Structure formats: C-alpha cells, structure tokens
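Here's a walk through one chain, with an eye on its charged side-chain pairs. Have the viewer open and follow along.

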Amino acid sequence: QQQKRLAQLFGCVRVVWNDALALCKASGKAISFNQLSALLTQSKKTEERAWLKDVSSVPLQQSLRYLDVAYRNFFNALKGKRKGKKVGSPQFKKRSNNQSAEFTKAAFSLSGDSVYLAKIGNIKPVWSRELPSEPSSVTVIKDCANRYFLSFVVDIEPEQIEPINPSVGIDLGIKTLAVLST
C-alpha cells in the first residue's frame, strides 16, 4: 500500500512540475513561485485535478520551488551571471526517469528507527549510518530498479583536521627562481 501511495505521490509531483512548466512555456516567461502556488491551489479545486488532494501538498510545493530555481539558473546562465557550464531550460519530467519527492520538516518526523511521511505513513528504512543531527528535509527516491531510498539533509559543523605530513609546492620560474606554496 505504501508503494502505491508513493507511486501516486511521484505521479502528482511530476504532473505539477509538467503543468507549471507548460504554463511557463505558454506564457513565454517564468512565472514566480507564489503565482504557481496559487494556481496549484486553484487547480486542486477543479474536477480534473481533485486527486492532487490525496497526497501531501509539501512535495508539490517543493516541485514548484525547484522549477522556480531551474528558471532562475537558466536565465542567469543566459545573462552570464551564473558561473560554471551553461544550463539549459527546464525540461518536462518523464515517468521512466528516476522519481523523487522532497518532504520538508513540516511533513515528516523521525521516531526511533522509523520515518513518518505525511499521507504515506511510517516507513522503516534500513539505515546505512546514524544521522549526525536533526534533518531539515528528506527526499524519497525511486530508481529505475524499483529500489527506494531516503536522503536526509542535515547540518553539521565541519572538522578542521591538521595535516599529518604537510607538503610544500615549489614553482620554478623565469622571473623568480622559486616560489613556495607556504
């Protein structure tokens, strides 16, 4: 039953992304997250999209946030404001790709060795390691081999480790004989 609910959730996230992207492409410009969120609320009230109420609204909102970020990255890359390689325009999501849905703190909780996801229920994962701190979000991922993963976002303090055997780099040049990295 949880697999059916997750499949429905992944489908709803994909539909919300594709509907919002189609709306943006039809208008010829990026629509802000707030406007898309208001349109999502309106579309839930229609008969064609009433089934969006069956899943948690948090992953649907996160899908719209990611679309907003994707458009900002695309336009910043066009203007030369974004460093790194060029980013293409956002693409429609397909059913065959890896599927994911992100739950923020309001829609999940940890209790013992299980994770509660809103409108999905308690999931008992096989833990690969202990969480170093309280997670701020969790992403449920289904890969092409029908395996499910939970990916947590946690904040940690980085450790400063002193090098055991410090090395020194030497640059031999024409103007100066040698420049040391120290």
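What follows goes from one salt bridge to the next and ends at a threonine. Keep in mind that this is a predicted model.

Let's begin with the overall tally: searching the whole structure turns up 4 salt bridges. We'll look at some of them in turn.

Pull up Asp-19 and Arg-49 to start. These two make a salt bridge, with 2.9 Å between the closest N and O atoms. The partners sit in distant parts of the chain, 30 residues apart: Asp-19 belongs to helix α1, which covers residues 2–27, while Arg-49 is in the loop that runs between α2 (33–44) and α3 (57–79). How open are they? Asp-19 comes out as partly exposed, at a relative accessible area of 35%. Arg-49 is partly exposed too, at 24%. The cut-off matters for that second value: buried means under 20% relative accessible area, so Arg-49 with its 24% doesn't count as buried.

Now jump along to the strands. Lys-105 and Glu-134 bring their side chains together in a salt bridge, 3.0 Å from N to O. Again the pair links distant parts of the chain, here 29 residues apart, and both partners are in loops: Lys-105 between β1 (99–104) and β2 (108–111), Glu-134 between β4 (121–123) and β5 (135–142). Lys-105 is partly exposed, with a relative accessible area of 40%. Glu-134 has 53%, and because anything over 50% is classed as exposed, Glu-134 gets that label.

Next up is Arg-147, which forms a salt bridge with Asp-143; their closest N and O atoms are 2.7 Å apart. Is Asp-143 buried or exposed? Asp-143 is buried, with a relative accessible area of 12%. Its partner Arg-147, on the other hand, is partly exposed at 48%. So this salt bridge joins a buried acid to a partly exposed base.

Finally, swing back to the loop between α2 and α3, where you'll find Thr-46. That loop also holds Arg-49 from the pair with Asp-19. Thr-46 counts as partly exposed, at 31% relative accessibility. Which backbone oxygen does the Thr-46 side chain reach? That of Ser-43, at 2.7 Å. To get a feel for distances across the model, place one marker on the C-alpha of Thr-46 and another on that of Leu-172: these atoms are separated by 72 Å, with the two positions 126 residues apart along the chain.

Terms used. Residues numbered from 1 in each chain as written. Predicted model: local features only at pLDDT ≥ 70, side-chain atom pairs only at ≥ 80, totals over all residues. Heavy atoms only, no water. Helix = DSSP H or I, 4+ residues; strand = E, 2+ residues; numbered from the N terminus. Buried < 20%, exposed > 50% of the residue type's maximum accessible area, 1.4 Å probe, protein only. Polar contact = N/O pair within 3.5 Å; in protein donor to acceptor, adjacent residues only side chain to side chain.
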